[in-house]
Amino acid sequence: MKKAFVKDRLIGEILLEKSIVTAEQLKLALDVQKEKGGYLCSIIIELRFAQPQEVLKILSCQLNVPYFELENTKIDEKVIEKVPVRIALYYKLMPYKFENGELSVVLEDPLDIHKLDDLRLLLDTDILVYLSYKKDILDTIQKYYGVGADILDEIMARPDVEKKIKGRASIIKDLESSGDDASIVKFVNQIFTQAVEDSVTDIHIEPFENETKIRFRIDGFLYEVPIPESIKLFHQSIISRIKILSNLDIAEHRLPQDGRMAIRIKGEEIEFRVSILPSYFGESVQIRILSKKSFLDSANLGLSEEALKKVEFLVDKPHGIVFVTGPTGSGKTTSLYAFLNKKNRSEVKIITTEDPVEYQIRGIIQIPIHTKIGLTFAEGLRSILRHDPDIIMVGEVRDPETAEITIRSSMTGHLVFSTLHTNDASSAPTRLIDMGIEPFLVASSIEGIIAQRLVRVLCPKCKNKVKVKSSFFNEEDFNIKEDIIEVFESKGCPDCRFTGFRGRTAIFEILVVNDEIRGLIFERVTSQVIKKKALSYGMETLRKDGLRKVLNGITTLSEVMRVT
């Protein structure tokens, strides 16, 4: 086993002397090294006993090898071309500069003489070495070489593929059936693993004339994933692999297809909902990641204490309708599942109609909608009523027929949850009346309306205080006395991929329907009149709830303004 001696002293002794680690932490790290091998500094960092920079900067001084931070460094593509991805990954090195015939590389272990000799021979150049943390090196390799670059490089180097590439015409056709090729399997698995690690909600694999793009949706925004250009050659193989996993027809390329799959990644079983769409340059794939980690209960949705009491009051109603409103992607389904989860008990029968079923919940009957065979929300709802439910969830009220059956269901002793596409809570009753539902039915059935939006949460590592005018907040009656107040913004860091945000939370507008509001709905008043009356009874607007989250350091002013 290799030990790091520095000027006749063990590196562990130096870290202990400088109070980077405690004696107990050093003993634990040495025990791990004895059992599993590896470098002591890396083990100390992986066990989170110390930050990489503080450990490696001390090691750098003692070894007389410069420490190099890769995170914020821009590397020239010409330098990357000098080191094949296979060598970069095998030796865990990152090239970053080439000057005067000398290649500067960053390594985890710059004292490994055999490794350096191998590199000089393989790359046919002089090597200048720098020290950095292994994770930073591997992240930078992925950033510049692309996800799965080593796998595609390996495929390209195979004699059978190399021969076909020269002919070019036959490779696409030959690789269509290679969805079970070990290398393609490995590449697809790597994409899925990376997506789960990055908390991605959707994966998009898109073919264009001269390239294939992979994009991840993170916190509501799309980010392009760095991938090698050669992926275009294997586009159909990747699609075939995804079809095999989703039990779809790999021979069908002309029609849209939908499927599901479940994969265990790092001990967690994760479901993926797959949609394949034929496009001009090949099949496009959208994959929704349905991680159980995002399955929340109502207490964790982002509701304030007062708002949570209102929601619990609505959810505990014996009958009537509770609508959740907002645009696509505003978290309506997650909220509905949280409400159902709260009511899910052995003495309560819950049936849902969904398009599609997002999460499978134990103890709840869930019906997927199939419009092609006539199973619409309206038809599903008619059948549900014959199964003696206590609570019904209708995925979405899209048309007058569904709206009327949903409303009549709530008037026969059922508690109904559903969603509507409206901009705010007070617009829901007028939207239903516009659909042709009689105002007296709307007024007597609706118990509450919850409007919501999703805002990104500030990264805790890089958020910092900034000064803003309090007038922004006093428009929503916060009654702040000072002219200038402090709120949080973020500058971005490696932890949040330099976006300044990590994760999302919801902002809410909750309208509890009382007798006065029922009277207004019955009179067919405008949504503005309903809103004014609801505000007089203590309803808070989406913007006010968002601004409160700004004052609490959860999100930013620009985020709240963006969604409201």
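Begin by selecting strand 13 (residues 350-354) and strand 14, which run parallel and are joined by four bridges; strands are DSSP runs of E with at least two residues, helices are runs of H or I with at least four, and both are numbered from the N terminus. Within this pair, look for T352, whose bridge partner in strand 14 is Q366.

What you are viewing is a predicted model, in which local features need pLDDT of at least 70 and side-chain atom pairs count only at pLDDT 80 or more, while totals for chains, interfaces and linings use all residues. Residues are numbered from 1 along each chain as its sequence is written, and side-chain values use heavy atoms, with hydrogens and water left out.

Next, widen the selection to the open sheet of seven strands, whose order is 14-13-15-16-12-17-20 with mixed pairing; two strands pair if DSSP finds at least two bridges between them. Strand 14 (365-368) and strand 20 (501-512) each have a single partner strand, so one side of each is left without a neighbour in the sheet.

Now add helix 16 (residues 377-384), which packs on this sheet and touches strand 13, strand 14 and strand 15 (391-394), contact meaning heavy atoms within 4.5 Å. The direction of helix 16 makes about 165 degrees with that of strand 13, where axes are lines fitted to C-alpha atoms, for helices over the stretch in contact, and angles run from 0 to 180 degrees between N-to-C directions.

Finally, select helix 23 (residues 542-551), which touches strand 17 (446-458) and strand 20, and whose direction makes about 140 degrees with that of strand 20.
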